[in-house]
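Hi everyone, thanks for making time today. I'd like to walk you through a structure that may be new to you, so let's put it up on the screen.

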Amino acid sequence: MTAQPPGDATARITVDLDAIRHNADVLKRRAGDAELMAVVKGDAYGHGLIPVAGAALDGGATWLGVAQLREALQLREAGVTAPVLSWLHAPGTDFDAAVAADVQVAVPHVWEIDAVAEAARRAGKPATVHLKVDTGLARNGAYGPQWPELLTAAAKLQAEGVIDVAGIMTHFIFADSPQHPSVLAQQEAFAQAVKDAEQAGLDVRVRHMANSAATLTGSDVAWDMVRPGIALYGLSPVPDIGSSRDFDLVPAMTVDANVTIAKRVPGGQGVSYGHTYVTDRETTLIDVPIGYSDGIPRSASGKGPVQVGGQRFTVSGRVCMDQFVVDVGDLPVAEGDRVVLFGSGENGEPTAQDWAEAAGTISYEIVGRMSGRLPRIYRGQS
């Protein structure tokens with residue numbers, strides 16, 4: 001079953017849910033005995049929260065992970081019953097809603113576990129939390145003396161019966177560089193944090209630290225659960241080590257558009273804002289109706305790759321808000337013809353990694369920044 005785009009759609013995103021299922025299966029097998037949490041934050045990295053969550057669970061994931069509570073509640077509203085963990089909150093977050101919806105919450109500080117406990121008291125049932133320890137990333141997580149303070153608070157609240165400490169988590173700094181000394185240092189720091197929790201009287205059931213890179217390159221850090229994100233979408237977290245194909249991953253997102261106009265111009269014609277590109281001969285220019293409002297990085301001006309008529313070209317001149325131009329030489333192109341920005345690469349089209357290299361960024365940003373203005377078409381819906 002394939003959903004059809006709106007009749008006036010000039011550009012679109014197609015998401016292959018069978019690819020999501022396949023990638024989840026690959027990651028589950030990599031995880032061994034550990035459980036698989038599919039990270040679907042950021043609207044499933046731009047792929048669509050609800051359809052991707054369902055496909056990931058079909059493929060073998062047993063948990064879902066999100067950054068924001070709003071995303072977790074959307075999953076519950078859609079009927080998802082699998083365990084869901086939300087891990088990034090600020091003071092004022094509605095933890096009552098989290099407790100009511102049985103959303104598990106990661107807590108990095110005493111203020112947050114206290115707020116969750118208050119919500120649990122109001123609800124008359126315990127809230128499930130995961131303690132988040134900072135093992136060197138210096139981002140979200142209990143750091144230094146904050147960790148024993150958090151353990152003391154957690155033990156007290158669990159004894160009261162308002163908190164159930166189900167897990168401990170941390171996040172890698174350099175998992176994409178498996179030989180970096182910080183990788184081993186963080187493993188040791190996390191093992192000590194787990195021991196600290198046990199000594200505080202906490203019976204932790206789910207210990208997790210492995211992201212996509214660690215899941216694919218370091219099975220010895222799986223612990224009880226792995227949390228892959230980008231690999232679920234078929235993109236390599238370690239492109240310097242291995243491509244998607246090397247890890248048996250299938251990129252799930254394809255972005256394409258239809259030519260709005262094709263015209264012959266003479267040599268010496270400047271193209272797009274600032275005329276940063278000038279034709280060197282008589283040639284055909286095509287206008288592609290997708291731009292930085294849709295998520296196409298302006299930094300890829302003059303460099304972003306596309307496929308037209310089975311051939312590779314690059315963006316000619318600057319990426320504009322809603323469109324860009326491509327010089328296709330003497331290739332016969334007509335209005336309405338298809339232009340592929342990126343896809344799986346199986347048919348020679350550019351990939352999200354190609355665009356990342358053109359824009360000086362990472363593939364995570366390329367897929368994650370795709371705008372909601374673009375319709376999503378889902379292939380492989382059950």
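Let's begin at one residue, Asp 337. Setting aside neighbours within four places in sequence, Asp 337 is in contact with Ala 257, Asn 258, Val 259 and Pro 332. You will find Asp 337 in the loop between strand 17 (324-329) and strand 18 (338-342). Is Asp 337 buried, exposed or partly exposed? With a relative accessibility of 30%, Asp 337 counts as partly exposed, because that value falls between the 20% and 50% cut-offs. For a sense of scale, pick out Met 37, which is 300 residues from Asp 337 along the chain; the two C-alpha atoms are separated by 40 Å.

Before we go further, please keep in mind that this is a predicted model. The chain has an average pLDDT of 95, and 97% of the residues score at least 70. Please be careful with residues 1-5, though: pLDDT stays under 50 there, and the model has eleven contacts beyond four places in sequence for that stretch.

Now to the annotation. An unreviewed UniProt entry gives residues 252-379 as "domain: Alanine racemase C-terminal". Over those residues the chain is 11% helix and 34% strand, and the C-alpha atoms at the two ends are 10 Å apart.

Which residues does UniProt list for "active site"? The unreviewed entry names Lys 41 and Tyr 273. These residues are spread over 233 residues of sequence, and they are spread in space too, with up to 35.3 Å between C-alpha atoms. Of these residues, Lys 41 is included in the lining of the largest pocket.

Let's visit each in turn. Lys 41 lies in helix 2. Its relative accessibility is 31%, so Lys 41 counts as partly exposed. Leaving out residues up to four places away in sequence, Lys 41 touches Gly 65, Val 66, Ala 67, Glu 71 and Trp 87. Tyr 273 sits in the loop between strand 12 (270-271) and strand 13 (277-278). Tyr 273 has a relative accessible area of 59%, so this residue is exposed. Once residues up to four places away are left out, Tyr 273 touches Arg 318 and Cys 320.

Glu 71, one of the residues that Lys 41 touches, takes us to helix 4. The buried residues of helix 4, which covers residues 69-77, are Leu 69, Glu 71, Ala 72, Leu 73, Leu 75 and Arg 76. What covers them? The cover includes helix 2, helix 3 (49-58), strand 3 (63-66), strand 4 (84-86) and helix 5 (95-100). Just after helix 4, look for Gly 79, which takes a positive phi of about 95 degrees.

Next, the empty spaces. Rolling a probe the size of a water molecule over the atoms shows where empty space is left. The largest pocket holds about 920 Å³ of space. It is lined by 38 residues, and those closest to its centre are Lys 41, Tyr 45, His 171, Asn 211 and Tyr 364. Helix 2 (41-45), helix 9 (212-217) and helix 11 (363-368) each supply at least two residues of this lining. By class, the lining of the largest pocket has 20 nonpolar, twelve polar and six charged residues.

Let's pause at Asn 211. This residue is in the loop between strand 8 (206-210) and helix 9. Asn 211 counts as buried because its relative accessibility is 17%, and the cut-off is under 20%. Beyond its neighbours within four places in sequence, Asn 211 is in contact with His 171, Phe 172, Ala 175, Arg 227 and Pro 228.

The second largest pocket has about 370 Å³ of space. It is lined by 19 residues, with Ser 244, Arg 245, Pro 251, Ser 344 and Thr 351 nearest its centre. That lining divides into five nonpolar, eight polar and six charged residues.

How many cavities of 30 Å³ or more does the structure hold? There is one. The largest cavity has a volume of about 50 Å³, and the residues lining it include Lys 132, Asp 134, Arg 139, Thr 170 and His 171. His 171 is also among the residues closest to the centre of the largest pocket. The cavity lining has three nonpolar, four polar and three charged residues.

That's my tour. Thanks for listening!

Definitions and conventions: Residues are numbered from 1 along each chain as its sequence is written. This is a predicted model: local features need pLDDT of at least 70, side-chain atom pairs count only at pLDDT 80 or more; totals for chains, interfaces and linings use all residues. Side-chain values use heavy atoms; hydrogens and water are left out. On a 1 Å grid over the protein atoms alone, a cavity is a set of points where a 1.4 Å probe fits but cannot get out, and a pocket is an open set with protein on both sides within 12 Å along at least five of seven lines; lining residues have an atom within 4 Å of a point. Grid points are joined across faces, edges and corners, and a volume is the space filled by probe spheres set on the points. Helices (H or I, at least four residues) and strands (E, at least two) are DSSP runs, numbered from the N terminus. Ala, Val, Leu, Ile, Met, Phe, Trp, Tyr, Cys and Pro count as nonpolar, Asp, Glu, Lys and Arg as charged, and the others, Gly among them, as polar. UniProt positions are given in the numbering used here, feature names are shortened, and annotations may be inferred rather than shown by experiment. Buried means under 20% relative accessible area, exposed over 50%, partly exposed in between (1.4 Å probe, protein chains only). Contact means heavy atoms within 4.5 Å. pLDDT is the predictor's confidence in each residue, from 0 to 100.
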